[in-house]
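Please find below a colleague's note on the model, set out as numbered points for a reader at the bench.

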Amino acid sequence: MVYDVIVVGGGHAGVEAAHAAAIMGCRTLLCTLNFKAVSRMSCNPSIGGSAKGIVVREIDALGGIMGIAADYQYLQMKMLNTGKGPGVQCLRTQSDRNIYPGRVQELLLATPNLEIKEGMVTSLIHDDDTVFGVIMHDGTEIYAKAIVITTGTYMEAQILRGLEKTSSGPDGEKASIGLSKNLADMGIEIYRLKTGTPPRIRKSSIDFSKASVQYGTDAKLAFSYTTNTYVPFADQHICHLIYTSPETHKIIKANLQKSAQFNGQIKGVGPRYCPSIEGKITTFFDKPRHQLFLEPETKDGDSIYIQGFATSMPREVQEQMVRSLPGFADAEILKYGYAIEYDAIVPTQFDASLRVKKYKGLYGAGQICGTSGYEEAAGLGIIAGINAVLAIRRQEPFILKRNESYIGVMVDDLITKGAVEPYRLLSSRAEYRLLLRHDNADLRLTDYGYRLGLISQARYQSFLLKNTSLQKALSILKTTYLGANKKVNSYLIKEGCTPLNAGTLAFDLLKRPDVKYAHLSSLIPDLSTCPLDETGIMQLEIMVKYEGYIAKQDKEAKSFAKFESLLLPENIDYLHIDGLALEARQKLIAIKPRTIGQASRVGGVNPSDISVLVLTLKRRGLL
């Protein structure tokens with residue numbers, strides 16, 4: 001059997017990689033242990049969140065499917081950080097852990113050029129510098145021009161609770177055995193990572209009167225730009241918020257050495273920004289309580305997920321911990337929490353296209369690259385799938401810059417700085433986050449998706465029409481003068497806005513915090529020729545109200561762009577460049593940065609080293 005692209009693993013990364021490769025016209029095979037587990041939400045039943053929600057919008061703008069599935073029959077949709085600026089606002093949906101993966105599986109089955117095979121890949125077919133295919137557990141050899149490995153948390157995975165250790169993937173699925181050793185034998189550096197999940201509780205056994213209610217956002221919100229059907233606010237499910245009690249802390253402290261995290265069982269490094277509850281209590285020992293969100297897992301089921309309560313304590317200790325929480329005195333545990341250890345590839349071994357530098361035709365995406373989270377995995381997946389196809393076509397790789405997307409920030413962070421713990425995207429990681437907003441992912445990335453063949457002609461035309469309306473509305477606002485007359489001021493006062501003291505451009509009036517686009521559309525008839533939906537109006541208001549700040553960041557990004565465009569020679573001998581610090585030489589040799597900009601972000605490389613590097617290359621005529 002021969003394919004163009006083989007994707008190993010059916011998690012969120014594998015799904016996007018396989019879908020992208022197939023839509024771009026390559027004959028693609030997705031190998032997964034269990035098709036029913038494809039895109040399963042083994043941990044939190046949600047999509048999006050801080051920075052992550054923007055990544056989902058970016059995936060959708062490129063032509064991926066995560067946003068489409070997340071918008072389908074969700075339990076709750078919420079816009080986060082609405083009290084803060086637009087650079088950190090993002091969507092989060094409470095998903096149904098049965099409906100979401102079911103929808104993804106439907107989309108995959110309907111994807112042309114995509115075949116799905118159940119089975120375990122145990123090794124790769126390769127020579128000294130190229131990978132040609134995979135070998136299945138039963139000895140079947142399957143050949144391809146490119147392989148994308150997206151094994152998630154399955155590779156040599158072990159489930160841990162207390163002293164209990166079981167070879168298993170998430171949710172009791174089979175672990176992937178053999179491939180890790182094969183990769184190590186190929187000279188690829190493997191390391192051990194860890195993540196975890198909390199107990200699930202029977203909903204009917206919880207007294208919710210002890211918890212505060214957490215509603216979604218009453219607005220038409222969606223991840224996908226193609227979504228036009230929304231779950232009515234009245235039909236959305238509610239979540240709840242509680243806090244750990246002093247008794248919870250007492251129980252955990254008394255049993256700390258029984259936790260797999262503290263008794264020596266766990267060797268891998270866990271995520272700093274999503275720690276276990278025992279990790280929180282020991283690290284933040286001065287905090288008297290920690291917040292926990294109670295989230296429904298399914299529409300019709302009776303299971304509640306305790307967000308923020310991941311643990312690797314023994315079962316009997318988990319029972320004490322759970323029943324110490326407010327409203328949980330009679331709680332019934334449906335599934336105990338656990339830690340899971342798994343193998344991953346040290347991410348600095350990938351280049352910016354997510355190809356393993358040591359081998360042609362071998363790509364990686366998701367948690368095997370050192371990330372955590374469904375959204376990070378899916379973002380890497382679509383990039384790996386795209387670049388596998390471009391390499392087959394002998395075309396230049398698709399590399400997003402740090403000022404173009406959070407996906408670009410993530411890839412650059414991983415390949416440049418590495419990840420000693422599971423990498424989690426945060427808005428603080430993006431230096432140009434006002435440019436990388438929730439609202440403008442389509443303006444940033446849809447052109448790319450269309451040129452790559454992932455966005456249909458019909459969708460692209462719809463995008464162009466929307467963008468034309470947006471630009472026309474901005475032009476009208478910038479050329480329409482509103483006088484401080486009785487008609488205008490009477491209307492503004494009626495709408496609760498401050499009246500004008502002097503005439504002004506409509507564009508400048510919209511910059512006021514209390515003035516909305518709807519106010520001006522009633523005063524300026526020409527705006528009726530610019531049809532914009534709620535998302536388009538929000539986008540326009542942000543562009544106007546934050547114009548100065550956006551322009552400043554755009555200028556900063558452009559001034560630094562020259563360093564990103566200065567390509568470094570592939571055969572550069574850093575060891576013999578006089579003036580470079582020893583640590584800088586070692587790090588540059590290991591990372592092999594693609595540009596001067598990337599070199600400046602390598603840990604251990606100082607501004608003085610960059611100055612020496614630039615000067616040396618100019619003297620040699622290489623820059």
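The points below take up the basis of the model, its cysteines, its cavities, one hairpin and one loop residue.

1. This is a predicted model, in which local features need pLDDT of at least 70 and side-chain atom pairs count only at pLDDT 80 or more, while totals for chains, interfaces and linings use all residues. Residues are numbered from 1 along each chain as its sequence is written, and side-chain values use heavy atoms, with hydrogens and water left out.

2. With a disulfide taken as a pair of cysteine sulfur atoms within 2.5 Å, the count comes to 0 disulfides. C43 is in no disulfide, and the nearest cysteine sulfur, belonging to C274, is 6.2 Å away. C530 counts as buried because its relative accessibility is 3%, where buried means under 20% relative accessible area, exposed over 50% and partly exposed in between, with a 1.4 Å probe and protein chains only.

3. The whole structure holds 5 cavities of 30 Å³ or more, a cavity being a set of points, on a 1 Å grid over the protein atoms alone, where a 1.4 Å probe fits but cannot get out, and lining residues having an atom within 4 Å of a point. The largest cavity encloses about 100 Å³, and its lining consists of K401, R402, N403, E431, Y432, A557, F560, A561, E564 and R601. By class this lining has 4 nonpolar, 1 polar and 5 charged residues.

4. The second largest cavity has a volume of about 70 Å³ and is lined by 13 residues, of which K194, T195, G196, S276 and A310 lie nearest its centre. Strand 12 (190-197) and strand 19 (338-345) each supply at least two residues of this lining, and strand 12 gives the most, with 4 residues; strands here are DSSP runs (E, at least two residues), numbered from the N terminus. By class the lining has 6 nonpolar, 6 polar and 1 charged residues.

5. Strand 10 (residues 158-161) and strand 11 (residues 164-167) pair in the antiparallel sense over 4 bridges, pairing being called if DSSP finds at least two bridges between two strands. Q158 has S167 of strand 11 as its bridge partner. The hairpin has 2 residues between the strands, and G162 takes a positive phi near 60° there.

6. Is Q349, in the loop between strand 19 and strand 20 (362-364), buried or exposed? Q349 counts as buried because its relative accessibility is 17%. A polar atom of the Q349 side chain lies 2.7 Å from the backbone nitrogen of E189.

Methods:
1 Å grid on protein atoms, 1.4 Å probe; cavity = no way out; pocket = protein on both sides within 12 Å on 5 of 7 lines; lining within 4 Å. Points joined across faces, edges and corners; volume = space filled by probe spheres on them. Nonpolar A, V, L, I, M, F, W, Y, C, P; charged D, E, K, R; others polar. Polar contact = N/O pair within 3.5 Å; in protein donor to acceptor, adjacent residues only side chain to side chain.
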